[in-house]
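This report covers strand pairing, aromatic contacts and cysteines in one protein chain. The sequence and structure are shown first.

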Amino acid sequence: MKVAIVFDSLTGNTAIIAKAVRDGCKGAEVVFFGPPPPEGVEADLYFIGSWTNRGMPSGGITAFLKSLRGKRVALFGTAGMGGNRAYFSALAERADTLLASDNTVTDTFYCCGKMPESVRERYEEMLREQPDNEMPRHMIENFDRALSHPDEADRRAAADFARKAVSSATEEKR
């Protein structure tokens, strides 16, 4: 089983998860690990991960997803906002829409990731400007909850996600 792990990480959160995915790929040959390659990489399974940019994957990952044809894909990523299964499912669905219909998404994994302090400062400014608006308070609370992520539980879950995806792909290849 040949595996490619293609990811884009702005602050390091997605790189942490990509390493956990790689750790979960025991028994598979990792033929690529890193940002979208300039040339085609051939693998049986592509793990593709990104940080979240306004609800979508990064530009580099978006372009890579759009370039794939006839591949088996497992999507993963990190997001500072949200932090719940419904939001993570929506992120996966949006990423899936970037793939041509002849690709197969086998599984997805998303988790929280800490955001830069400048984001909190922006939320605090919003709160100062709109003290009666609850949204900036909610955003600050979410920011604070995300500070410890990705944590050890997130890394274990990402490795489990990878093991499951490799196992399923191996079974289907037989």
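Two strands are taken as paired if DSSP finds at least two bridges between them. On that basis, strand β1 (residues 2-8) and β3 pair in the parallel sense over six bridges. The model is a predicted one. The mean pLDDT of the protein chain is 94, and 100% of its residues reach 70 or more. Confidence is lowest in α3, at a mean of 93, and highest in helix α1 (residues 13-24), at 98.

**Strands**

Strand β3 (residues 45-53) also runs parallel to β5, with six bridges joining the two. A further partner of β3 is strand β4 (residues 56-57), which pairs with it in the antiparallel sense over two bridges. The hairpin of β3 and β4 has two residues between the strands, and Arg54 there takes a positive phi near 55 degrees. On its other side in sequence, β5 is followed up by its pairing with strand β6 (residues 104-112): eight bridges join these two strands, which run parallel. Together, β5, helix α3 (residues 85-96) and β6 make a right-handed β-α-β unit.

Individual bridge partners are listed below.

| Residue | Partner | Strand of partner |
|---|---|---|
| Ala4 | Tyr46 | β3 |
| Phe47 | Ala74 | β5 |
| Gly49 | Phe76 | β5 |
| Asn53 | Met56 | β4 |
| Phe76 | Phe109 | β6 |

Phe76 thus appears twice, as the partner of Gly49 and opposite Phe109.

How many residues of β3 and of β5 are buried? In β3, seven of its nine residues are buried, and the strand is mostly covered. Strand β5 (residues 72-79) is mostly covered too, with seven of its eight residues buried.

**Aromatic contacts**

The count of aromatic pairs comes to four. One of them is Phe47 with Phe161: the ring centres are 5.6 Å apart and the planes stand at 75 degrees, over the 60 needed, so the pair is edge-to-face. This pair links distant parts of the chain, as Phe47 is in strand β3 and Phe161 in helix α6 (residues 152-173), 114 residues apart. Both rings belong to buried residues: Phe47 has a relative accessible area of 0%, and Phe161 has 5%. Phe47, Phe109 and Phe161 form one aromatic cluster.

Elsewhere, a charge meets a ring: the charged end of Arg22 sits over the ring of Phe33, 4.1 Å from its centre.

**Cysteines**

Why does a search of the whole structure find zero disulfides? A disulfide requires two cysteine sulfur atoms within 2.5 Å. For Cys25, the closest cysteine sulfur is that of Cys111, at 16 Å, so the two are too far apart for a bond. For Cys111, the closest is that of Cys112, at 7.1 Å, which is also too far for a bond. Cys25 counts as buried because its relative accessibility is 2%, and Cys111 is buried with a relative accessible area of 3%.

**Met135**

Met135 lies in helix α5 (residues 134-146). Its relative accessible area is 46%, so Met135 is partly exposed. Met135 and Tyr123 are 12 residues apart in sequence, and their C-alpha atoms are 9.0 Å apart in space.

Note on methods
Residues numbered from 1 in each chain as written. Predicted model: local features only at pLDDT ≥ 70, side-chain atom pairs only at ≥ 80, totals over all residues. Heavy atoms only, no water. Buried < 20%, exposed > 50% of the residue type's maximum accessible area, 1.4 Å probe, protein only. Helix = DSSP H or I, 4+ residues; strand = E, 2+ residues; numbered from the N terminus. Right-handed = clockwise from strand over helix to strand, strands pointing away. Phe/Tyr/Trp six-rings, centres within 6.5 Å; stacked < 30°, edge-to-face > 60°. Lys NZ or Arg CZ within 6 Å of the ring centre and 35° of its normal. pLDDT = per-residue confidence, 0-100.
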